[in-house]
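Open the model in a viewer and keep the selection panel at hand. The stops below each give a selection and then what is found there.

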Amino acid sequence: AQHVPDILSPEFAADPYAAYRAMRETAPLIWHEATRSYVVSRYEDVERVFKDRNSEFTTDNYDWQIEPVHGKTILQLSGRDHAVRRALVAPAFRGSDLREKFLPVIERNSRELVDTFRHTGSADLVTDYATRFPVNVIADMLGLDKADHTRFHRWYTAVIAFLGNLSGDPAVASAGERTRVEFAEYMLPIIRARRENPGDDLLSTLCAAEVDGVRMSDEDIKAFCSLLLAAGGETTDKAIAGIFTNLLLHPDQLAAVRADRSLIPQAFAETLRYTPPVHMIMRQSATEVTLSSGTIPPGSTVTCLIGAANRDENRYRDPDRFDIFREDLTTTTAFSAAADHLAFALGRHFCVGALLAKSEVETGVNHLLDAMPDMRIADGFDPVEEGVFTRGPQSLPVRFTPVTA
Ligand code: HEM
């Protein structure tokens, strides 16, 4: 049998993709003592858990994973409860609302950031752009004060650390829980004020939303906004870092995208397959479940390895190659986000923000390529992915000749 490193070990963090291959081949279903979960790595199995056609899985794991930082959100809900709550929030993230209301917000926030470095000839695509852009967009969509964006950035960093704290560091845990209190203190008065004086923003839309006589309480809205901050910030941040890492390391593909911007959706989909921002999603088994890799007893935690499934050789040809032209990954038209990789999950909890993420990445890539016609790797460029639960490079220094207006 091949050596399979522990998913919490430094060896795994240094190169999870090698470990994923060994798992798919020799240990596609592993009991992992530290997380007390069954770990699955094959595309077929992860897809089956996410789709959950026979209601064999629940999302009860989120009660301990995210309840302490966000409160009750749609991630934890199931069945009709989930369907109604999701229907309350989903319309704001569909094509028409995005195009009419939020595309200008996305464009404006991207330009503001690019303007901070476009004349300098150098930038760090992660720290100067990717970590700020999606958080700013969400804050702006909600109609929050620009001056508070840095506070948002701090909160979401603490939340993400909490979510990735698989080894249970108490300092990280308490910083995450403190965020929940601070966020509530900040957000609840704003929600109450917005109910009295609604505007054209996402927060006002959420306050007014009603499905089957159900409306969201202040607490529901606060929890959802908290989720948006983390679910929409960190992930899109890592997707932007990922697409540039992959393109800069494959200059021929970067040149192709630069010359033909209609290739951006393909480059985005391939990035999400090859280097997904979210590597692990958990579920609980409600019944005994038999997967292709073995049988899981009822009441178990199941850790689905998205990063492993997305490189399954039974699903993709030459899966360890980054190739925006691959034929086994269909991409789609401008305002759809469906794609056959598992980075956004599948089924009932399929990412609500997938289209928003796609619009942000398309806008961001276009702006950055325009501002940096000869973008190239700078000294110190070492795009090592960090993280276990979510992964991405912490820094991406580039140089370029500034465009003179
Ligand atoms: C759900 C990934 C961007 C909001 C999810 C899930 C994944 C995911 C894997 C499923 C979680 C589960 O099944 O347990 C991503 C990635 C993104 C991204 C890779 C960027 C490339 C966004 C954005 C937003 C967002 C921009 C909104 C601002 C949500 C919400 C859910 C979700 C609210 C919960 C849906 C539900 O439970 O029904 N996302 N996401 N995400 N995402 Fe995203």
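Start by selecting strand 4 and strand 14 (residues 397–399): the two run antiparallel and are joined by 3 bridges. This is a predicted model. Within that pair, pick D124, whose bridge partner in strand 14 is P397.

Now add strand 11 to the selection. The result is an open sheet of 3 strands in the order 4-14-11, with antiparallel pairing. Strand 4 (122–124) and strand 11 (376–377) are at the edges with a single partner strand each, so one side of each has no neighbour in the sheet. Strands of a sheet pair through backbone hydrogen bonds, so the backbone is the part to display here.

Next, select strand 7 (residues 280–285) together with strand 3 (residues 57–58). These strands run antiparallel, joined by 2 bridges. T58 has Q284 as its bridge partner in strand 7. Keep strand 7 and swap strand 3 for strand 10 (residues 301–305): this pairing is antiparallel too, over 5 bridges. One bridge to pick out sets M280 against L305 in strand 10.

Stay on L305 and show its contacts. Leaving out residues up to four places away in sequence, L305 touches Y20, V39, V40, S41, V46, H279 and M280. L305 also belongs to the largest nonpolar core, which has 105 residues; V46, C304, L305 and I306 are those with the most contacts inside it. Helix 13 gives the most to this core, 15 residues. In soluble globular proteins, nonpolar side chains tend to be buried together.

Then move to helix 10 (residues 149–163). How far apart are its end C-alpha atoms? They are 21 Å apart, which agrees with the 21 Å that its 15 residues should span at 1.5 Å a residue. Colour the buried residues of this helix: F152, W155, Y156, A158, V159, I160, F162 and L163. To see what covers them, display helix 4 (62–65), helix 5 (67–70), helix 9 (133–141), helix 11 (170–196) and helix 13, which are among the covering elements.

Finish at the ligand. Which residues come nearest to the ligand? Of the 23 around it, they are G232, T235, H349, C351 and G353. By class, the shell divides into 17 nonpolar, 5 polar and 1 charged. Select helix 13 (218–248) and helix 17 (354–371), each of which supplies at least two residues of this shell. The largest share, 7 residues, comes from helix 13, the helix that also gives the most to the nonpolar core.

Conventions
Residues numbered from 1 in each chain as written. Predicted model: local features only at pLDDT ≥ 70, side-chain atom pairs only at ≥ 80, totals over all residues. Near = placed C-beta within 6 Å. Helix = DSSP H or I, 4+ residues; strand = E, 2+ residues; numbered from the N terminus. Nonpolar A, V, L, I, M, F, W, Y, C, P; charged D, E, K, R; others polar. Core = buried A, V, L, I, M, F, W, Y, C linked by C-beta atoms within 7 Å. Buried ≥ 20, exposed ≤ 12 C-beta atoms within 10 Å, placed from the backbone. Contact = placed C-beta atoms within 7 Å. Expected span 1.5 Å × (residues − 1). Pairing = 2+ DSSP bridges.
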